[in-house]
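Reader: I'd like a close look at one part of this structure, the packing between a pair of helices. Could you walk me through it, starting from how the chains are arranged?

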Number of protein chains: 2
Amino acid sequence: MDIKEYMQTVGRQARAASRRLTMATTAEKNAALMHIASAIRREKAALVAANQLDLDAARANGLEPAMLDRLTLSEKGVESMAEGVEQVAKLPDPVGEIRDIKFRPSGIQVGKMRAPLGVIGIIYEARPNVTADAAALCLKSGNAAILRGGSEAINSNRAIAALVQEGLQAAGLPAECVQVINTTDRAAVGELITMREFVDVIVPRGGKGLIARLLAEARVPMIQHLDGNCHVYIETDADPAKALKIVENAKTQRYGTCNTAESLLIDRSIAAAQLPAIAAMLTGKGVELRGCAETCALVPNAVAASDEDYYTEFLAPIISVKVVGGFDEAVAHINQYSSHHSEAIVTQDHSKAMRFLREVDSSSVMINASTRFADGFEYGLGAEIGISTDKIHARGPVGLEGLTSEKWIVLGDGHVRA
Amino acid sequence: MDIKEYMQTVGRQARAASRRLTMATTAEKNAALMHIASAIRREKAALVAANQLDLDAARANGLEPAMLDRLTLSEKGVESMAEGVEQVAKLPDPVGEIRDIKFRPSGIQVGKMRAPLGVIGIIYEARPNVTADAAALCLKSGNAAILRGGSEAINSNRAIAALVQEGLQAAGLPAECVQVINTTDRAAVGELITMREFVDVIVPRGGKGLIARLLAEARVPMIQHLDGNCHVYIETDADPAKALKIVENAKTQRYGTCNTAESLLIDRSIAAAQLPAIAAMLTGKGVELRGCAETCALVPNAVAASDEDYYTEFLAPIISVKVVGGFDEAVAHINQYSSHHSEAIVTQDHSKAMRFLREVDSSSVMINASTRFADGFEYGLGAEIGISTDKIHARGPVGLEGLTSEKWIVLGDGHVRA
């Protein structure tokens, strides 16, 4: 198989399908989604069996338990996959939305219309449910999708893709609206991220290693999600009860998510009064504290933090802690060490709260709320394709709207420029 | 001079200045802009003299007359430069705009806040007025700017940059908010477009050659402007008088602009009735017609068009013409050959007009209006940094808003995720 030729064919087909999809009605797209959901339910046993092939191979290859866990598609997992697709069908269609039409002095009316991006390449790792999930979001937003899953999930992904294509055709849409790359050859990724003529944007869903590699090689724009080194900053005027509750939730509700707090900043003026109780709560839940000298003096079981610790997304029961000399130092620290994902301030001071929103350069900035809220469902997007830590196009949770852009529309009646 | 080290310094300074600029008030930014405008007016003679050095060198190097024209800064040019900066001061400040704050079932309020992108690199060619223009737009939108003008304008650009920095400092802002790269070494561009840690977006303003080169090498996201191969499509139900007027304006008002029509499509059913008059009007203005066989049969002085002609932005009194078999063929042709800049349909048929808006994949789509309207001033943006033919982030004319993005804000009162 000539990978370049194969990928060019996939790209050309995607481009052609995307032209048709741009014109698809909301009813057609929803019909396809509902067909896909029922096909997935109907083939529950077959999907679990295909997944079993992947699991057997993965075990034989000695994959880590965490990876096996992400790869596993249970009957329950199949059911939630079908439900996820149905939920996307229920979301409002962003395509064709017109806004802000205004008359200009020349007499023309000018405004904006929301349109699909075109062809979206999704590159992801073990989880096979991403295949259905990403296909549904791309389809609803009017984009053709080229999906490249992990090689360890190839059987699961092929089986899901066949059902997605069945649903598309049942609704009268081209099967090529969603294509799964049918080879595990890594060269296919190299082609996908460089064929600008066929692919409008790449959405990587995976670990840091994957994204760093794509970033180095991609010629197609990427909506990237790097790590989530999220901060909670307890300001002098924080309500201590709210602070404790927010740190607990932000750090300990789940350790492996990107919106989990990885670093705690606390003002010097309140550190002695509040840090020991917060540390006791964290220690009680098995969280290791890595702190500055002042932290270690206040919290005997804390260990000394390295500068590297403050840059680290632990994804584990570990938190870095720093006592800071006030608001400006806290914001400067966050802007320096953060991955620009999500940060929260705990304070009752209105001016500080408003300054935090403005001055912290992250995709989500929060007042008196847990960083764990940084999520497409919590924000009301209905679903998310990822969380962008980029600054251009879309920041933070990316839903259907983030998979579209706006073109200008001009309405005249024979108008010409003077 | 070690270019890499120099550019790292410029980048680090820009990043630091951008943190300060994010916090700058509208009053501070406007004060800086007004200072810059008066400094430019005050130094009119010195600016013209600096420009004379560039012009002398350019003539000695045998630059083309068109290039010399773009390079020239007259006293009148200096005055419009100052006025342009004042106009930017009068535009509303996009930074800090908050919208769509809504309560979510969890009790948090979620919305969006507009924020600067951070550091913007502008790469441009001969015109020295871009230095003041781009500096003003970046400053007003809260972004630090790194400006890299053409080497042929280095004396003019240095002189303008000194006045911009004077204005910044007079308003209490760091001079490093706007830096002009002080070397003509091309390696500086290579550094600028790859230092992701210091530069958030690159805006190239220049010809196709420049942009193609940047595109191949850039690691920083680009808001790119490729060529403008714009179409006017005269549909069966067009009003012939409007069609004639729109083609005349779109093609002949100015030949060298990116929103000039380069290609005319006309439905077969009306071609015999309308094309001869349109062709006579164009020929009367000295425009060469390059057409399909049917065009040549109807217009004796038309020459045969090659496939390449339909892809070409002539920027000259030349237009490609094609007789098409109806709406679908016209849209397919445009989506194939266009550079996705701006396209217009002339029609009285409402359904076709609405389909054109939706189905044509270009940054501006127009009904019964001249493509010449695709412009930041005509659209009411007040000013533009360029016209994006990209699909992500910003399409079409890019004003202050296009130099910002939105972050999510979450307002809680001790809320945690369930």
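Author: **Two chains and a helix pair**

Turning chain A by 180°, with 0.0 Å of shift along the axis, superposes it on chain B at an RMSD of 0.0 Å (a least-squares fit on C-alpha atoms of residues with pLDDT of at least 70 in both copies). The copies are thus related as by a two-fold rotation axis. In chain A, A:His393 has the C-alpha nearest that axis, 1.8 Å away.

Quick housekeeping: this is a predicted model, where local features need pLDDT of at least 70, side-chain atom pairs need 80 or more, and totals for chains, interfaces and linings use all residues. Residues count from 1 along each chain as its sequence is written, while chains are lettered from A and ligands numbered from 1 in written order.

Now zoom in on chain B. Helices H2 (residues 26–42) and H5 (residues 75–90) have axes that come within 9 Å and cross at roughly 170° (helices are DSSP runs of H or I, at least four residues, numbered from the N terminus; axes are lines fitted to C-alpha atoms over the stretch in contact, with angles from 0 to 180 degrees between N-to-C directions). That makes H2(B) roughly antiparallel to H5(B), the label for angles over 145 degrees. H2(B) contributes residues including B:Leu33, B:Ile36 and B:Ile40, and H5(B) brings B:Val78 and B:Val85, among others; contact means C-beta atoms, placed from the backbone, within 7 Å.

Over in chain A, A:Val85 touches A:Leu33, A:Ile36, A:Ala37, A:Ile40, A:Ala132 and A:Ala136, leaving aside neighbours within four places in sequence.

Note on methods: Helices (H or I, at least four residues) and strands (E, at least two) are DSSP runs, numbered from the N terminus. Angles under 35 degrees count as roughly parallel, over 145 as roughly antiparallel, 65 to 115 as roughly perpendicular and the rest as oblique. Two residues are in contact if their C-beta atoms, placed from the backbone, lie within 7 Å.
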